[in-house]
Amino acid sequence: MQGMKIYLLEKHSRHGVDYQLFELKSAPTQGLTTRLELEWYREYQAMTGDELKDIILDEGIYVSWYGVQEPIEMYPKLLPPSWNEQDLCIECRRDTSFGSGLFVNRLPADGDFEIYNKDGEVIGTEYRDGYKCAECCAIPCDRCDDLIPLDEDITTMQVYDENDPEYSDDFSDGAHFVHLECLTAEEMDCFNKLNEEDK
Ligand SMILES: [Zn+2]
Ligand SMILES: [Zn+2]
């Protein structure tokens, strides 16, 4: 195809190197690389039975790209897998497309993200526009540190009257997002009162 370039993905492991060829219009993006690296981790996991977290931490297991000037006929030409960069969660880079299991609860989102080289050093930032999976939308509770499911976070807005001169965006202990069950008894009283008045 015109304008397509051949890129060679080297998949490094302690046991040697595997190769995969890709035909791409432009240089591989960070998103594609992250995605393929994760696929490689999973492949490696299936091969060795090692724990995924150990594979991720192993500096000897990673992928790197090489641009190939001329197509190499002796390799079968592989087309990129049929995923769309737009469908990757902007945060964890998992596929959120229809059928992925993450489609129903994904939310449109965008933001700037740091990108890293294989040594974990920041080499720049990347703007991503797409979706966040439900897990990445969850906010940690400021009191118990567990994640609060989407739309279930409680802030002072739901507990106190905003027109009160004493009103603050944070709770008295500095917490901002909390679980309903993490409210103090006193706060819970205020929450119940406020929400009764609203009826
Ligand atoms: Zn995510
Ligand atoms: Zn909590």
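The exercises below, each with a worked solution, concern a predicted model of one chain.

**Exercise 1. The overall fold**

State how many helices and strands the chain has, and in what pattern they follow one another along the sequence.

Solution. Step 1: count the elements. The chain has four helices and seven strands. Step 2: read them along the sequence. The pattern is β-β-α-α-β-β-β-α-β-β-α. Step 3: look at burial and contacts. Of the 199 residues in the chain, 16% are buried. Among contacts with a separation of 6 or more, 54% join residues 24 or more positions apart.

**Exercise 2. Strand 1 and strand 2**

Determine in which sense strand 1 and strand 2 pair, and over how many bridges.

Solution. Step 1: locate the partner. Strand 2 covers residues 16-24, while strand 1 covers residues 5-13. Step 2: find the sense. The two strands pair in the antiparallel sense, over nine bridges. Step 3: inspect the connection. Two residues lie between strand 1 and strand 2, and the two strands form a hairpin. Step 4: pick out a facing pair. His-12 is opposite Val-17, a residue of strand 2.

**Exercise 3. Leu-8**

Decide whether Leu-8 is buried, partly exposed or exposed, and find how far Leu-8 is from Gln-20 in space.

Solution. Step 1: place the residue. Leu-8 belongs to strand 1. Step 2: count neighbours. Leu-8 has 15 other C-beta atoms within 10 Å. Step 3: apply the cut-offs. A buried residue needs 20 or more such atoms and an exposed one has 12 or fewer; therefore Leu-8, with 15, is partly exposed. Step 4: compare sequence and space. Leu-8 and Gln-20 are twelve residues apart in sequence, and their C-alpha atoms are 5.9 Å apart.

**Exercise 4. Two residues with positive phi**

For Arg-93 and Asp-145, give the phi value, the location and the burial class.

Solution. Step 1: recall the background. Most residues other than glycine have a negative phi. Step 2: read the angles. Phi is near 65° in Arg-93 and near 70° in Asp-145; both values are positive, and neither residue is glycine. Step 3: locate the residues. Arg-93 is in the loop between strand 3 (62-68) and strand 4 (107-116). Asp-145 is in the loop between strand 6 (139-140) and strand 7 (147-148). Step 4: classify by neighbours. Arg-93 is buried because 21 other C-beta atoms lie within 10 Å. Asp-145 has 7 C-beta neighbours inside 10 Å, so Asp-145 counts as exposed.

Terms used:
Residues are numbered from 1 along each chain as its sequence is written. Chains are lettered from A and ligands numbered from 1 in the order in which they are written. This is a predicted model: local features need pLDDT of at least 70, side-chain atom pairs count only at pLDDT 80 or more; totals for chains, interfaces and linings use all residues. Two strands pair if DSSP finds at least two bridges between them. Two residues are in contact if their C-beta atoms, placed from the backbone, lie within 7 Å.
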